[in-house]
Amino acid sequence: MEHEVRGLLDAEAAATGRRRKALIETYGCQQNEADSDRMRGQLVTMGFDLAASREDADLILFNTCAVREHAELKLLGNLGALRHLKARRPGLIIAVTGCMMQQPHRVEEITRKYKHVDIVLGTNTFYRLPAAVHKVLTEGGRTADVDGGSPDIPEDIPVSRESGIRAWVTAMYGCNNFCSYCVVPY
């Protein structure tokens, strides 16, 4: 699916002279950092350049944490603030993934209250990011995919690291809010 999105973005860039840019903001543990590196790799493979700020981004992705309430409240505040940016730039794609999206009440809240959010993915479905982006670009509308996913860890996901001297190792795939290595297991 990455190649289909890349074709769409390459054609758009040829017509407009500008490539789309993506920004990932990560909340939480090192697992979220590792997942963000994988999603960043997917976005680069799809043809997105990386944005330095929300104002420069055509796609903003929040990788969330459900362990600390402060992180959840921070995400909700940031989503609320993006409502105005989305109103000015309707083509902006806003996505949310991560542990918080494994909580049914949060998914329901985001899909009900935050109508400007285009994509919601769970921890076990973030590898479906290219298909979700393709759907938003070609069909419009919103997509939520938080259940299921592969029981196996997809190993062939491209990685794009923010740091050239640091890499994250997967200790556990996804979050069920009871991670054995987490400081705050509940």
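**Exercise 1. Place R83 in the predicted model and describe its surroundings.**

Solution. Begin with the secondary structure of this predicted model, where R83 is found in helix α3. That helix covers residues 69-88. The next step is to ask how far R83 is open to the outside: its relative accessibility is 38%, and because buried means under 20% and exposed over 50%, R83 counts as partly exposed. Then look for partners beyond the immediate stretch of chain: leaving aside residues up to four places away in sequence, R83 touches K113, Y114 and H116. Finally, compare sequence with space for one further residue, I94, which is 11 residues from R83 in sequence and 9.8 Å from it in space, taken from C-alpha to C-alpha.

**Exercise 2. Decide whether E72 is buried or exposed, and find out which residues it touches and which network of salt bridges it belongs to.**

Solution. E72 also lies in helix α3. Its relative accessibility is 6%, which is under the 20% limit, and therefore E72 counts as buried. With residues up to four places away in sequence set aside, the contacts of E72 are C65, A66, M100, Q103 and R106. One of these, R106, appears again when charges are considered, since E72, R106, E109 and K113 are linked in a network of salt bridges. As background to this step, side chains of opposite charge can pair when their charged atoms come close.

**Exercise 3. State how many salt bridges the structure holds, and work through the pairs D10 with R6, E12 with R20, and D58 with R18.**

Solution. The count for the structure is 15 salt bridges.

- In the pair of D10 and R6, the side chains meet with an N to O distance of 3.7 Å. Both residues lie in helix α1, four residues apart, which is about one turn of the helix. D10 has a relative accessible area of 32% and is therefore partly exposed, and R6, with a relative accessible area of 32%, is partly exposed as well.
- In the pair of E12 and R20, the side chains meet at 2.6 Å, N to O. E12 is partly exposed, because its relative accessible area is 27%, whereas R20 has a relative accessibility of 16% and so counts as buried.
- In the pair of D58 and R18, the closest N and O atoms are 3.0 Å apart. This pair links distant parts of the chain, for D58 lies in the loop between β2 (49-50) and β3, while R18 lies in the loop between α1 and β1, 40 residues apart. D58 counts as buried because its relative accessibility is 12%, whereas R18, at 39%, is partly exposed.

**Exercise 4. Find the aromatic pair of the structure and explain why it is called stacked.**

Solution. There is one aromatic pair in the structure. The ring centres of Y27 and F62 are 6.2 Å apart and the ring planes stand at 15°; planes under 30 degrees apart count as stacked, and so this pair is stacked. Next, locate the partners: Y27 is in the loop between β1 (21-26) and α2 (30-46), and F62 is in strand β3 (residues 59-64), so the pair ties together parts that are 35 residues apart in sequence. Then check accessibility, where Y27 is at 7% and therefore counts as buried, and F62, with a relative accessible area of 0%, is buried too.

**Exercise 5. Describe how helix α1 crosses helix α5, and which residues make the contact.**

Solution. Two packed helices are described by the angle between their axes and the distance between the axes. For helix α1 (residues 2-16) and helix α5 (residues 129-139), the axes come within 9 Å and cross at roughly 40°. The crossing is left-handed. On the side of α1 the contact is made by E2, E4, V5, L8 and L9, and on the side of α5 by P130, V133, H134, L137 and T138. Sorted by character, the residues of this contact divide into six nonpolar, two polar and two charged.

**Exercise 6. Give an overview of the fold.**

Solution. The protein has five helices and six strands, and from the N terminus on its elements run α-β-α-β-β-α-β-α-β-α-β. Of its 186 residues, 47% count as buried. Among contacts between residues at least 6 apart in sequence, 72% join residues at least 24 apart.

How values were computed:
Residues are numbered from 1 along each chain as its sequence is written. This is a predicted model: local features need pLDDT of at least 70, side-chain atom pairs count only at pLDDT 80 or more; totals for chains, interfaces and linings use all residues. Side-chain values use heavy atoms; hydrogens and water are left out. Helices (H or I, at least four residues) and strands (E, at least two) are DSSP runs, numbered from the N terminus. Buried means under 20% relative accessible area, exposed over 50%, partly exposed in between (1.4 Å probe, protein chains only). Contact means heavy atoms within 4.5 Å. Axes are lines fitted to C-alpha atoms, for helices over the stretch in contact, and angles run from 0 to 180 degrees between N-to-C directions. A crossing is left-handed if the near helix is turned anticlockwise from the far one by less than a right angle, and right-handed if clockwise. Ala, Val, Leu, Ile, Met, Phe, Trp, Tyr, Cys and Pro count as nonpolar, Asp, Glu, Lys and Arg as charged, and the others, Gly among them, as polar. Rings of Phe, Tyr and Trp (its six-membered ring) pair if their centres lie within 6.5 Å; planes under 30 degrees apart count as stacked, over 60 as edge-to-face and the rest as tilted. A salt bridge is a side-chain nitrogen of Lys or Arg within 4 Å of a carboxyl oxygen of Asp or Glu.
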